[in-house]
Amino acid sequence: MTNVIVYNAGTKEVLHEVPLKHAIRMLDRKVAFIVDAHEDTFGPHPRPKALELVKYVFTKWLYDTTGRVPYSRSGVLRRDKHSCAYCGRAAVTIDHVTPRCQGGQSTWLNVVAACSKCNGAKKGRTPRQAGMKLQWHPFEPTPADLFPRQASRRR
Ligand SMILES: [Zn+2]
């Protein structure tokens with residue numbers, strides 16, 4: 001018996017293939033619908049070739065089964081819109097607010113985007129120690145914060 005292709009919602013993005021029985025369970029749970037089927041049936045359904053999910057799921061690094069976005073350097077830059085958290089200019093580097101040498105962790109709440117000038121001026125100090133002021137407080141982003149267009153692509 002062949003597998004069934006599963007597309008992400010509203011896309012032709014193939015997420016994976018699932019065994020037929022798994023596909024039927026998805027149809028019964030109404031999390032997916034048939035987009036292509038064989039001529040015969042399987043129980044009450046046409047035997048599916050391909051399904052499409054009802055809800056868009058985030059994939060690759062963004063996708064986390066807890067629904068939370070895993071911390072990443074590129075995610076920090078995206079969250080802060082590639083702007084330096086100290087001076088607002090374009091940023092391509094990240095800064096640990098409490099520096100690693102003082103026990104600061106690599107987490108959403110302790111890392112901000114920073115330009116290399118501010119990064120170099122701050123060195124291994126906290127903003128208070130360096131006399132620098134954060135223009136916004138780091139936060140844990142939702143998928144919608146990082147990918148607003150994708151997150152709104154729902155049916
Ligand atoms: Zn800066």
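## Ground rules and overall layout

Strands here are DSSP runs of E with at least two residues, helices are runs of H or I with at least four, and both are numbered from the N terminus. With that naming, Thr98 falls in the loop between strand 5 (93–96) and strand 6, a spot we'll come back to further down. Keep in mind throughout that this is a predicted model.

The chain carries 6 helices and 6 strands. Going along the sequence, their order is β-β-α-β-β-α-β-β-α-α-α-α. Of the 155 residues in the chain, 38% are buried. Among contacts with a separation of 6 or more, 53% link residues 24 or more positions apart. On the outside, the accessible surface comes to about 9,500 Å², and carbon and sulfur atoms account for 54% of that.

## Two nonpolar cores

Which residues have the most contacts inside the largest nonpolar core? They are Cys84, Tyr86, Val112, Cys118 and Leu134, in a core of 20 residues. Helix 2 (73–79) and strand 6 (111–114) are the elements that each give two or more residues to this core. Strand 6 makes the largest contribution, with 4 residues.

Cys84 is a handy place to look at how this part is put together. Setting aside neighbours within four places in sequence, Cys84 is in contact with Arg89, Ala91, Ala113, Ala114, Cys115, Cys118 and Trp136. Apart from this core there is another one, made of 11 residues and including Val6, Leu20, Leu27 and Leu51.

## Helix 1 and its cover

Helix 1 spans residues 20–28, and its buried residues are Leu20, Ala23, Ile24, Met26 and Leu27. Why do they share a side of helix 1? They cover an arc of only 155° around the axis, so they sit on the same side of the helix. The spacing fits a general rule: an α-helix has 3.6 residues a turn, so residues three or four places apart point the same way.

The cover over the buried residues of helix 1 includes strand 1 (4–7), strand 2 (14–18), strand 3 and strand 4 (45–53). Just past the end of helix 1, Lys30 adopts a positive phi of about 60°.

## A nonpolar patch on the surface

Phe33, Val35 and Val54 together make a nonpolar surface patch of about 190 Å². Val35 belongs to strand 3 (residues 32–42). Is Val35 buried or exposed? Its relative accessibility is 34%, so Val35 counts as partly exposed, given that this class runs between the 20% and 50% cut-offs.

## Where two loops meet

Back to Thr98, which has a relative accessible area of 30% and so is partly exposed. What does Thr98 touch, leaving out residues up to four places away in sequence? Its partners are Gly104, Asn110 and Thr126. There's a second link across the chain here: Thr98 and Pro127 are 29 residues apart in sequence, while their C-alpha atoms are separated by 7.8 Å.

Seen from the other side, Thr126 sits in the loop between helix 3 (116–122) and helix 4 (127–130). At 16% relative accessibility, Thr126 is buried. Beyond its neighbours within four places in sequence, Thr126 is in contact with Val97, Thr98, Pro99 and Gln102.

## Salt bridges

How many salt bridges does the structure hold? There are 3 salt bridges. As general background, side chains of opposite charge can pair when their charged atoms come close. One of the three joins Arg47 to Asp40, with the closest N and O atoms 3.0 Å apart. Arg47 is partly exposed at 21% relative accessible area, and Asp40 is partly exposed too, at 37%.

Another salt bridge brings together the side chains of Asp80 and Arg79 at 2.9 Å, N to O. Asp80 and Arg79 are both buried. Then there's Lys122 with Asp95, where the closest N and O atoms are 3.1 Å apart. Lys122 lies in helix 3 and Asp95 in strand 5, so this pair ties together parts that are 27 residues apart in sequence. Lys122 is buried with a relative accessible area of 0%, and Asp95 is buried with 3%.

Notes: Residues are numbered from 1 along each chain as its sequence is written. This is a predicted model: local features need pLDDT of at least 70, side-chain atom pairs count only at pLDDT 80 or more; totals for chains, interfaces and linings use all residues. Side-chain values use heavy atoms; hydrogens and water are left out. Patches are made of residues with over 30% relative accessible area and no salt bridge: like charges are joined within 9 Å, nonpolar side chains (Val, Leu, Ile, Met, Phe, Trp, Tyr) within 5 Å. Accessible areas come from the Shrake-Rupley method with a 1.4 Å probe; for residues, only the protein chains shown count as cover. A salt bridge is a side-chain nitrogen of Lys or Arg within 4 Å of a carboxyl oxygen of Asp or Glu. Buried means under 20% relative accessible area, exposed over 50%, partly exposed in between (1.4 Å probe, protein chains only). A nonpolar core is a set of buried Ala, Val, Leu, Ile, Met, Phe, Trp, Tyr and Cys residues joined through side-chain atoms within 4.5 Å. Contact means heavy atoms within 4.5 Å. The arc is that of the directions from the helix axis to the C-beta atoms.
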